[in-house]
Amino acid sequence: MAARTRLRRARRALLASGTTAVLAAALLAGTEATSQAATQGPCDIYAAGGTPCVAAHSTTRALYGAYDGALYQVRRASDGATRDIGPLSAGGYANAAAQDTFCAATTCLITVVYDQSGRGNDLTQAPAGGAAGGPDDLAPATAAPVKAGGHPAYGIYVAAGTGYRNNHTSGIATGDQPEGMYAVLDGTHFGGGCCFDYGNAETNNLDTGNGHMEAVYFGDSRIWGTGTGNGPWVMADLENGLFSGADVGYNANDPSVSHRFLTAVVKGGPNQWAIRAGNARSGGLSTFYSGARPNASGYNPMHKEGAIILGIGGDNSKSSSGTFYEGVMTSGYPSDATENAVQANINAVGYQTAPVTSSSLTVGSRISLRATTACCTADSLRRNTDGTVAISPINAASPAADRTAAGWTVRAGLADSSCLSFESAAAPGQYLRHSGFQLYTAASNGTALFMQDATFCPQAGHSGQGFSFQSVNYPNKYLRHYAYTGYLAGDGGSNTWDNATSWSEDTSWLAAQPWS
Ligand code: AHR
């Protein structure tokens, strides 16, 4: 039997006997385990600290130094076939090329996020719940490209409506038992609805009352608790409340956070809990709250049920958004020192944005931006004569003025040269900009605000097709068509054009040949 296989079996046996820490100690001490392990993973650190992982989820990397099983599964649209994606080597980064090959010329969804802890706590498509029907949407497999350890990888892009869950778990805290958890997230992708969560929730998809959840929340919801500034905030979803500290409302020590890669930590035990967070790329974790349970009834003792959710609230509320790269849940209340060591391990990944490479977005070239929503695949983004921007059907037989109106010259971003601006072919010198979150073309007035309003950062399309273009000054909003008009829109929000329905498709554009 191969040493690696023996190690995996030993891990499962040890997990079954509840002696994970022994294995972790062996991993860290350097016997057979370290000779096989490429790295030490976060779960080896938690185990050495006496608070082993009981769930470990990531589409970007192995979370144990010796893990070489599947990380996640994708399903392709063309024939419904599925494929498990594993790490490039034990303890290593995801084999994104395997996904690219399998999904070439079609689109893929992420169907399973495997639990690396050996407990079988996999995440799959969330079912309907008390707050919303289901099953929930699955994430497009290419919508959150990233680099981890210098390797291309994909995160889990949660648009409103997307959700994963496991109601039949093993080893997850119940009642008032102590646990810890962290998630590495995209700190620029968030929403204000309920609730982009990762962690412990009800096993029946219903709101069963205060204290029946304990999950990391990230977003700018003002429905329950808040911190300083305008958000987003890392908070704890404890059911019927997002908590930023002991008070059920405002807590001054929970700051707005803005790291592109964010480590968000929540942990809870008997009349004790904490929120911690930091930049996943560098530096340590700050403690935003550590103390007694909230001063409201039902949260002390807690009534945790032990399901696991990703991207949704406990009752399947699915009105928010975010991007998840990796996360774990532990048995026991991890020490700050253990979490600090995990944060150093996360820093070492060196998460980076993945540059969008496409000859169709070359600076200086003229392109058309074609809608991808099923209603509108014959439509292109075009300037109207009054300077407003819309989509309308354009083809080779369209009048020359319309074909030119749908032309955009790609320019280096006026506010950020690593992003893009789009100059109107019909009105040279005028750039695509947002104002009042609607799109227009206008000549620069030289202000910093104009430059920012006219700068968009391309990403892989949210629906898995083409590109999505993120506003540089409103990073949670993207170029969108809605009711055939051009807007800057969030995935859920206060404007009608923030409507979550079809948001992923409406914000995904093909950068194609110009019509003139
Ligand atoms: O606690 C906030 C939310 O309230 C929970 O996620 C959800 O179950 C309920 O609607």
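Is A483 buried or exposed? A483 is exposed, with a relative accessible area of 57%. Keep in mind that this is a predicted model. Here's a quick tour of its cores, its ten-stranded sheet, a few backbone oddities, one helix and the largest pocket.

**Nonpolar cores**

- The largest nonpolar core has 75 residues, and the members that touch the most others are V74, I156 and Y182.
- There's also a second, separate core of 21 residues, with C376, W408, F422 and L479 among them.
- Take I156 from the largest core: setting aside neighbours within four places in sequence, I156 is in contact with T59, I110, V113, A139, A144, Y164, L310, G322, T323 and F324.

**The ten-stranded sheet**

- Ten strands make up an open sheet with antiparallel pairing, and the order across it is β3-β2-β4-β5-β9-β18-β11-β12-β13-β14.
- At the edges sit β3 (82-85) and β14 (242-243), each of which pairs on one side only.
- Inside that order, β18 is listed next to β11, and four bridges join these two antiparallel strands, β11 covering residues 197-201 and β18 covering residues 307-310.
- Y198 stands opposite L310 of β18, and L310 is also among the contacts of I156.

**Backbone oddities**

- Some background for this group: most peptide bonds are trans, and most residues other than glycine have a negative phi.
- C194 and C195 are joined by a cis peptide bond, with omega at about -15 degrees. You'll find C195 in the loop between β10 (179-186) and β11.
- Another cis bond runs from N300 to P301, this time with omega near 0 degrees. P301 belongs to the loop between β17 (286-291) and β18.
- E239 isn't a glycine, yet its phi is positive at about 85 degrees. Look for E239 in the loop between β13 (233-237) and β14. E239 has 5% relative accessibility, so it counts as buried.
- A483, the residue from the opening question, isn't a glycine either and has a positive phi of about 50 degrees. Its home is the loop between β30 (477-482) and β31 (485-490). The cut-off for exposed is over 50% relative accessible area, so A483 at 57% qualifies.

**Helix α6**

- Helix α6 runs over residues 336-349, which makes 14 residues. From first C-alpha to last it reaches 20 Å, close to the 20 Å expected at 1.5 Å a residue.
- The buried residues in α6 are T338, E339, V342, Q343, N345, I346, N347 and V349.
- As a general point, an α-helix has 3.6 residues a turn, so residues three or four places apart point the same way.
- The cover over the buried residues of α6 includes α4 (42-48), β6 (145-148), β10, β15 (261-269), β16 (272-279) and β19 (322-330).
- Right after α6 comes G350, with a positive phi near 65 degrees.

**The largest pocket**

- The largest pocket holds about 620 Å³ of space.
- It is lined by 29 residues, and those closest to its centre are T353, C457, P458, Q459 and Q470.
- The elements giving two or more residues to this lining are β19, β28 (456-460) and β29 (467-471).
- β28 gives the most, with four residues.
- β19 turns up twice here: it helps line the largest pocket, and it is also part of what covers the buried residues of α6.

Conventions:
Residues are numbered from 1 along each chain as its sequence is written. This is a predicted model: local features need pLDDT of at least 70, side-chain atom pairs count only at pLDDT 80 or more; totals for chains, interfaces and linings use all residues. Side-chain values use heavy atoms; hydrogens and water are left out. A nonpolar core is a set of buried Ala, Val, Leu, Ile, Met, Phe, Trp, Tyr and Cys residues joined through side-chain atoms within 4.5 Å. Buried means under 20% relative accessible area, exposed over 50%, partly exposed in between (1.4 Å probe, protein chains only). Contact means heavy atoms within 4.5 Å. Two strands pair if DSSP finds at least two bridges between them. The expected span of a helix is 1.5 Å times one less than its number of residues. On a 1 Å grid over the protein atoms alone, a cavity is a set of points where a 1.4 Å probe fits but cannot get out, and a pocket is an open set with protein on both sides within 12 Å along at least five of seven lines; lining residues have an atom within 4 Å of a point. Grid points are joined across faces, edges and corners, and a volume is the space filled by probe spheres set on the points.
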